[in-house]
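Hi everyone, thanks for coming. I'd like to walk you through a few spots in one model today, so please have the viewer ready.

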Amino acid sequence: MNSFKDIFENYHWDDIKAKLEKVTLSDVENSLQKRTKTIEDFLNFLSPVAAQKLELMARMTQQLTQKRFGKTIQLYAPLYLSNECQNICTYCGFSLDNTLKRKTLSSTELIIEAMALKAMEVNHVLLVSGEANKTVGIDYFLKSVRLLKPHFANISIEVQPLSEEEYQQLHDEGVNAVLVYQETYHQEVYKEYHPKGKKSNFNFRLETPDRIGKAGIHKMGLGVLLGLEDWRVDSFFNALHIDYLQKRYWKSKFSVSFPRLRPAEGIIEPNFIMEDKDLLQLICAYRIWNEELEISISTRENEKFRNNIISLGATAMSAGSKTNPGGYVVDKESLEQFETSDERSMDEIKNVIKRSGYDPVMKDWDAVYSGI
């Protein structure tokens, strides 16, 4: 089987953009009626004309999500390990050229932050850090996972791309999921957003999910940073990537997230504005195309949108999130990656989910069932 890079090089950004504009309402209707959906059907669901079918797509999304996932929403919270970073990224508060306070949690501080999450009844934690290999590299991650394993049923990570061997080490320690975002699949402008650091290597990042899959990680999370480039084209390539990965690493599960650019220290304004209705269309497109895909909604989104998306496709949501290391207890004023929009507590989100007729789930998976 070809690598994703081989597949990716057979597609061109401008060609996909042109195809999206040429989709007709009849194309969308035909795709919606098909039993098995392809990547071409996904493109039709993304198209501008498909917005005319958004109400129907939303109903289908609700039905398909309930059929596969029931009326449950898994809740999790991020735990930021470090805001140190060796990259310059024009959209990120952690960017190397931001000369504000940097912090990496010590082992003691990590446990203090973890206990704050446990007090919120968090059982699924997402470990996040800036990309600083010398300070927060594989040894630091392994040590952190070992410290946290006794306290959480499920540990996911969102850190710099690692080697296959390093992902295997994390897998052996019990890490359940790895999230890695390409940010944008527009290769020609990628360097403009990432002018310095290891992250500027487009192909190394593009090939990261393959290394994760080869290491046998239980779940992979993908996404693009919505606002950098045309969300429709970027999302097509993200789905193309997921399609390839599911066929090749069929034992793994997959999730998709939808980070929209949010205010942060020193970041650029979005190049492309994505309205709430656009994000709803994108979520519907993913669900109708792929019934197995987990869909995660973060606190980047506002209260109204998050309230409504509970019954329209979401399967996981973060809550009570702090996006800076020590943000829960240890160092509340440290540099944050971005501002959250939904600042409600974990308990408030639980109550909103219950009022919507859904069940908030703090633990829906255990390592004992996967052989880890």
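Before we start, one definition: when I say contact, I mean heavy atoms within 4.5 Å. And please keep in mind that this is a predicted model.

Let's begin with T184. You'll find T184 in the loop between β4 (177-179) and α9 (187-193). Is T184 buried or exposed? Its relative accessibility is 0%, and because buried means under 20%, T184 counts as buried.

So who surrounds T184? If we leave aside the neighbours within four places in sequence, T184 is in contact with W13, Y190, Y193, F202, L228, E229 and D234. Pause on D234 for a moment: the side chains of T184 and D234 are joined by a polar contact of 2.9 Å. The side chain of T184 also has a polar atom that lies 3.1 Å from the backbone nitrogen of H186.

Now please scroll to helix α7, residues 138-148. Which residues of α7 are buried? They are I138, Y140, F141, L142, S144, V145 and L148. And what do these buried residues pack against? Their partners are two helices, α6 (107-119) and α8 (164-173), together with the strands β1 (72-82), β2 (124-129) and β3 (154-158).

Last stop, K251. This lysine sits in the loop between α12 (231-248) and β6 (253-257). With a relative accessible area of 69%, K251 is exposed. Have a look at H218 as well: K251 and H218 are 33 residues apart in sequence, while their C-alpha atoms are 7.6 Å apart in space.

That's my tour, and I'm happy to take questions!

Note on methods. Residues are numbered from 1 along each chain as its sequence is written. This is a predicted model: local features need pLDDT of at least 70, side-chain atom pairs count only at pLDDT 80 or more; totals for chains, interfaces and linings use all residues. Side-chain values use heavy atoms; hydrogens and water are left out. Buried means under 20% relative accessible area, exposed over 50%, partly exposed in between (1.4 Å probe, protein chains only). Helices (H or I, at least four residues) and strands (E, at least two) are DSSP runs, numbered from the N terminus. A polar contact is a pair of N or O atoms within 3.5 Å; within protein, one must be able to donate a hydrogen and the other to accept it, and residues adjacent in sequence count only if both atoms are side-chain atoms.
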